[in-house]
Structures are given as C-alpha cells and as structure tokens.
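User: I am new to this structure and would like a close look at one part of it, followed by an account of how the rest is arranged around it. Please explain each term when you first use it.

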Amino acid sequence: MPAHRRAAHYPMATPQPPRLTSNPLLCVSDLSVRFGGIVALDGISFSVQAGQICGVIGPNGAGKTTLFNCLSRLYTPHAGTIVFDGQDLLAKPQHAIAACGIGRTFQNVALFPAMTVRENVMVGRHCRTATGYIANAMRLPSVGREEAQVRQRTDRLLELLALSRIADTPVRNLSFGTRKRVEMARALVADPKILLLDEPAAGLNHEEVDGLRELILDVRERFHVTVLLVEHHLNLVMRVSDQVVAMNFGRKIADGSPAQVQADKEVVRAYLGTEETA
Ligand SMILES: Nc1ncnc2c1ncn2[C@@H]1O[C@H](COP(=O)(O)OP(=O)(O)O)[C@@H](O)[C@H]1O
Ligand SMILES: [Mg+2]
C-alpha cells in the first residue's frame with residue numbers, strides 16, 4: 001500500500017456542509033484565446049460540479065495548457081467568461097487567484113530548484129497568511145505563531161504525499177515525477193477549492209500511475225477539492241474521472257462520462273494516428 005494511503009487521519013480539511021445549490025463550481029463559457037494567427041482556444045464552454053474529477057484530454061496543441069493558463073489568470077482570453085464559485089474570475093487580478101481557491105501544478109514544473117521540498121511547499125501558503133509586511137519586518141509574535149502553523153500544515157501534507165523522507169532535500173535533486181508531487185503539495189497547502197493538475201502522470205511508470213490515481217481520489221476525499229485533470233495518459237483519465245472534456249484544435253469535441261467520451265467518433269478520430277500512452 002502506498003505511503004500516502006497509510007497516513008493517519010488528516011485534520012487539515014475542514015468538513016464542509018453539503019452544497020444545497022446545483023450551480024456548477026466552475027463555468028467556462030465561449031472562451032477564446034489567440035496567439036497571432038494561432039487560435040489556441042476557440043469558443044470553449046463546459047462546467048464542473050463541486051466535488052467532481054473532470055479530465056481534460058486532447059492531442060498535443062489542443063489548447064489544454066492554455067485553458068489552465070486562463071483559469072489561473074496567466075492569460076487573459078480575447079472573449080468568453082469564467083465563473084468560479086459564483087465569482088467572475090476574469091475580473092480578478094492574477095495575484096488573487098490562489099486566495100480565490102484555485103491551486104495548480106504546471107506541465108513543466110515550476111518550483112525553486114535550490115530550495116528544499118519543505119520550503120517549496122511552505123511558499124504555497126503565503127497567499128493565505130494574514131500578517132502583513134510591517135508585522136513581518138518587526139517579527140511580531142503573531143508572525144512566529146503563523147509560521148509554526150504553516151510549518152505544521154506543510155509537514156502533514158508532506159506525510160500524506162509520501163514526501164516526509166525527502167523534506168530537506170533540494171528539489172533540483174529529485175526526479176520529475178517526484179517534483180510533480182511536490183507541486184501538488186504546494187498547491188494543496190493553500191486549501192484550494194479546485195486543483196488544476198497539468199499532466200501529473202508525465203514521467204511516471206505504470207505502478208506510479210496507479211499510485212497517482214489513488215492519490216488523486218484520496219486528495220479529493222480528504223480536502224473536498226474539485227479536480228480538473230489535464231492528462232495524456234488516457235487510461236488514468238478514464239479510470240479516475242467522473243466527467244471528461246475532449247478538445248482538439250482549441251474546440252471542445254466531446255463532453256460526458258468517460259464511457260461516452262471514449263466511444264465518441266470525433267474523439268476516436270482525433271486520437272487515430274496520434275500517440276496513445278494508455
Ligand atoms: N504563449 C504562447 N505563444 C504562442 N503560441 C502559444 C502559446 N501558448 C500556446 N500556444 C499555442 O497554442 C496552441 C495550444 O497550446 P497548448 O495550450 O500548450 O496545448 P496543449 O496543452 O493541449 O498541448 C498550440 O498551437 C501552441 O503552440
Ligand atoms: Mg499542455
């Protein structure tokens with residue numbers, strides 16, 4: 001059994017009352033992004049209910065990472081709207097995104113290579129700390145208390161993600177797959193409502209992919225997060241997702257249950273002759 005399954009009850013997630021509304025947590029409508037002559041997103045619309053794991057698939061260049069970059073406000077779309085948790089996300093500045101409840105990992109990993117695993121994860125909590133610049137400069141007692149809490153939360157998360165043993169190792173010494181897990185811990189330490197995972201299975205072997213599937217399910221349960229999962233590994237997507245959105249050339253070509261999307265003619269066509277890593 002993987003170490004993250006053995007971890008004791010994890011008290012970080014506060015139990016949430018059941019949602020009484022059927023409004024989706026995330027609603028993307030008619031989103032379009034162009035880079036010069038390239039249309040990266042061409043009127044994409046879909047929605048995700050709270051608590052769901054939604055897989056996003058599509059061949060290379062389909063626009064999946066661009067979609068994530070819009071959701072984390074790195075890109076501003078030319079047209080369309082994103083409503084997240086009842087708020088107009090495009091009205092928010094990029095620095096407010098983590099505090100809104102959006103956590104993400106990057107396709108190519110964006111960590112501080114010289115810093116340790118623990119330090120990298122603790123950085124993810126800064127958007128949530130309450131003490132200000134002056135209190136920090138004066139080292140007021142509230143700063144010390146807050147830092148101790150962040151450290152405690154971080155260490156519990158490292159345990160859950162089986163990273164405790166390498167907590168003091170600089171990130172640059174780790175394999176790509178392990179760095180992806182560190183990024184997931186960094187996103188989770190900020191207590192997101194939605195977790196955006198960009199190709200978390202890249203660089204993992206078969207056994208590790210199975211472990212990742214369990215980890216994603218476990219994280220959803222423990223943290224009550226909704227998950228948006230961009231992944232090339234179709235076998236993982238189909239076995240972990242409640243809903244799958246398929247894209248090609250910036251457009252949505254199918255949206256439904258894994259079985260529906262897998263059987264969709266346009267999806268089969270989009271994948272025919274392209275690399276299939278499942
Ligand atoms: N910053 C950028 N500048 C120019 N073109 C880009 C940029 N980001 C993505 N693209 C282009 O947009 C399209 C979609 O890319 P991307 O979202 O990375 O696809 P995916 O993640 O599905 O492989 C591709 O044609 C890509 O070359
Ligand atoms: Mg991508």
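Analyst: In the hairpin formed by strand 9 and strand 10, 2 residues lie between the strands, and Phe249 takes a positive phi near 50°. Strands here are DSSP runs (E) of at least two residues and helices are DSSP runs (H or I) of at least four, both numbered from the N terminus. This is a predicted model, in which local features need pLDDT of at least 70 and side-chain atom pairs count only at pLDDT 80 or more, while totals for chains, interfaces and linings use all residues. Residues are numbered from 1 along each chain as its sequence is written, and chains are lettered from A and ligands numbered from 1 in the order in which they are written.

Strand 9 (residues 243-248) and strand 10 (residues 251-256) run antiparallel and are joined by 5 bridges; two strands pair if DSSP finds at least two bridges between them. One of the bridge partners can be named, since Asn248 is matched with Arg251 in strand 10.

From this hairpin one can move to the interior of the chain through Val56. Leaving aside neighbours within four places in sequence, Val56 is in contact with Lys64, Leu67, Leu228, Leu229, Val230, Val245 and Met247, where contact means that the C-beta atoms, placed from the backbone, lie within 7 Å. Val56 is also one of the residues with the most contacts inside the largest nonpolar core, together with Ala185, Leu188, Val227 and Leu229, and that core has 68 residues. Helix 8 (residues 206-223) gives the largest share of this core, 6 residues. Such a core is a set of buried Ala, Val, Leu, Ile, Met, Phe, Trp, Tyr and Cys residues joined through C-beta atoms within 7 Å. A residue is buried if 20 or more other C-beta atoms lie within 10 Å of its own, exposed if 12 or fewer, and partly exposed in between, with the C-beta atoms placed from the backbone.

Two of the contacts of Val56, Lys64 and Leu67, are also among the buried residues of helix 2. All 8 of the 8 residues of helix 2 (residues 64-71) are buried, so this helix is largely enclosed by the rest of the structure. After helix 2 comes Arg73, whose phi is positive, near 65°.

Helix 2 also belongs to the surroundings of ligand 1, where the residues are Phe35, Ile38, Ala40, Gly58, Asn60, Gly61, Ala62, Gly63, Lys64, Thr65 and Thr66; to be near the ligand, a residue must have its C-beta atom, placed from the backbone, within 6 Å of it. Strand 2 (38-48) and helix 2 are the elements that give two or more residues to this shell, and the largest share, 3 residues, comes from helix 2. By class the shell has 4 nonpolar, 6 polar and 1 charged residues, where Ala, Val, Leu, Ile, Met, Phe, Trp, Tyr, Cys and Pro count as nonpolar, Asp, Glu, Lys and Arg as charged, and the others, Gly among them, as polar.

Strand 2 leads on to a sheet, an open one of 4 strands in the order 2-1-4-5, with antiparallel pairing. Strand 2 and strand 5 (87-88) stand at its edges with a single partner strand each, so one side of each is left without a neighbour in the sheet. Strand 1 and strand 2 pair over 8 bridges in the antiparallel sense, and Val39 of strand 2 is the bridge partner of Arg34.

Phe249 can be set beside two loop residues with positive phi. Asp191, with phi near 60°, lies in the loop between helix 7 (176-188) and strand 7 (194-198), and it counts as buried because 21 C-beta neighbours fall inside 10 Å. His224, with phi near 55°, is found in the loop between helix 8 and strand 8 (226-230), and it counts as partly exposed, with 15 C-beta neighbours inside 10 Å.

Finally, some care is needed over confidence, for which pLDDT is the predictor's value for each residue, from 0 to 100. The mean pLDDT of the chain is 86, and 83% of its residues reach 70 or more. Among the elements of the chain, strand 1 (residues 26-35) has the highest mean pLDDT (98) and helix 1 (residues 3-6) the lowest (42). Over residues 1-20 pLDDT stays under 50. Where pLDDT is low, the predicted coordinates should not be read in detail.
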